[in-house]
Amino acid sequence: MAITKAAPQKTGETGETGETGGAGETGRAGQEGRHLNSPLLLTMLMVVLVLLQSPIRRALSAPVMQSWTTVFVAVMVQALPFLVLGVLLSAAIAVFVPPSFFARALPGRPALAVPVAGAAGAVLPGCECASVPVAGALVRRGVAPAAALTFLLSAPAINPIVLTATAVAFPGNPEMVLARLVASLLVACAMGWLWLRLGRTDWLKPPSHPSHDGQSKGEAFWGSVRHDVMHAGGFLVVGAMAAATLKAMAPESWLRAAADNPVLSVLALAILAVVLSICSEADAFVAASLSQFSLTARLTFLVVGPMIDLKLFAMQTGTFGRAFALRFAPATFTLAVVVSVLTGWVIL
């Protein structure tokens with residue numbers, strides 16, 4: 001009986017082992033097949049480039065493409081150091097500074113906490129990609145939503161990295177730094193007070209727990225750096241390409257018509273800031289390349305972009321809910337445009 005029972009068990013184990021081995025061999029074969037695809041595609045791409053090198057060389061030697069390449073490379077070279085530094089600092093703050101620190105540092109009265117949270121954005125560097133999860137953590141730790149939303153808007157717009165990048169991008173117009181600081185801080189505080197007045201708790205979905213739970217601080221830091229570099233770097237490339245295309249290929253008559261109309265130029269660059277979704281550490285260099293437009297229109301580009309764009313709308317929807325984003329985003333856009341125009345009229 002013992003032998004009879006043992007035999008099926010051994011047979012079952014053998015069968016399971018065989019099935020496992022077969023599955024393992026199949027998985028390895030699939031992995032090898034997938035690994036073989038990448039070198040094959042790379043080889044095919046290189047072959048195509050070699051075959052088409054003459055047309056490609058002629059296309060790149062055209063004056064339009066040379067102008068496009070010059071603008072694209074100039075924007076990328078100027079912006080990348082600020083982008084990398086901003087990502088490193090924002091990751092360090094998000095990982096190593098506990099959210100409870102902000103709760104202790106803010107006044108108990110929400111009306112007073114709003115300007116304090118706005119001013120905190122001037123000393124705590126971080127891009128807009130990092131400000132959304134930080135604001136969600138503040139709300140989760142008991143900070144008044146109005147103060148957390150004020151920080152969300154001010155931190156990516158007026159932090160030291162962004163203001164330094166703005167000064168470098170506009171060396172002949174130092175007043176742009178002051179105008180950006182004033183306009184962005186006014187919009188952030190106004191939106192915080194507006195939320196205190198009109199905001200409702202049922203519009204604000206409780207933020208989910210942070211994604212770094214269960215990781216060491218080092219793993220969370222480098223994971224945040226990799227994520228922000230890939231995302232922010234990708235948006236920077238798209239923005240630089242768009243700026244170069246607009247500079248090199250758009251008919252001069254179109255640009256002149258938009259730039260010469262004060263209302264149209266402001267609205268055009270405000271919408272462009274939303275669509276391009278450029279990281280705030282790099283947007284000043286893209287704005288500086290749009291030299292056809294007035295300083296006020298470019299100020300609007302710099303104020304609107306870090307506060308509301310396509311990627312921020314998606315992140316705010318995921319963090320705070322659709323009901324919140326559908327109300328908060330249009331109000332922020334409208335107020336940012338109005339305040340930018342008024343600030344530009346006074347300072348610029």
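**Close-up views of a predicted model**

**View 1. The largest nonpolar core.** In this predicted model, the largest nonpolar core holds 67 residues. Phe301, Val304 and Phe320 touch the most other members. Helix H7, residues 145-158, gives the most to this core. Its share is ten residues.

**View 2. Val304 and its contacts.** Val304 is among the three core residues that touch the most other members. Leaving out residues up to four places away in sequence, Val304 touches three alanines: Ala270, Ala273 and Ala336. Val304 also touches Val274, Phe333 and Val337.
Another core lies apart from the largest one. This other core has seven residues, including Val71, Met76, Ala244 and Ala248.

**View 3. The buried face of helix H5.** Helix H5 spans residues 110-120. Which of its residues are buried? They are Ala113, Val114, Ala117, Gly118 and Ala120. Seen down the axis of H5, these buried residues fall within an arc of 155°, so they line one face of the helix. They pack against two helices: H7, and H9 at 175-198. H7 is also the helix that gives the most to the largest core.

**View 4. Helix H15 and the glycine after it.** Helix H15 covers residues 310-320. Its buried residues are Lys311, Leu312, Gln316, Thr319 and Phe320. Why do they line one face of the helix? Seen down the axis of H15, they fall within an arc of 130°, so they line one face. Phe320 appears again here: it is one of the residues that touch the most other members of the largest core. Just after H15 comes Gly321, with a positive phi of about 105°.

Key:
Residues numbered from 1 in each chain as written. Predicted model: local features only at pLDDT ≥ 70, side-chain atom pairs only at ≥ 80, totals over all residues. Heavy atoms only, no water. Core = buried A, V, L, I, M, F, W, Y, C linked by side-chain atoms within 4.5 Å. Buried < 20%, exposed > 50% of the residue type's maximum accessible area, 1.4 Å probe, protein only. Helix = DSSP H or I, 4+ residues; strand = E, 2+ residues; numbered from the N terminus. Contact = heavy atoms within 4.5 Å. Arc of directions from axis to C-beta.
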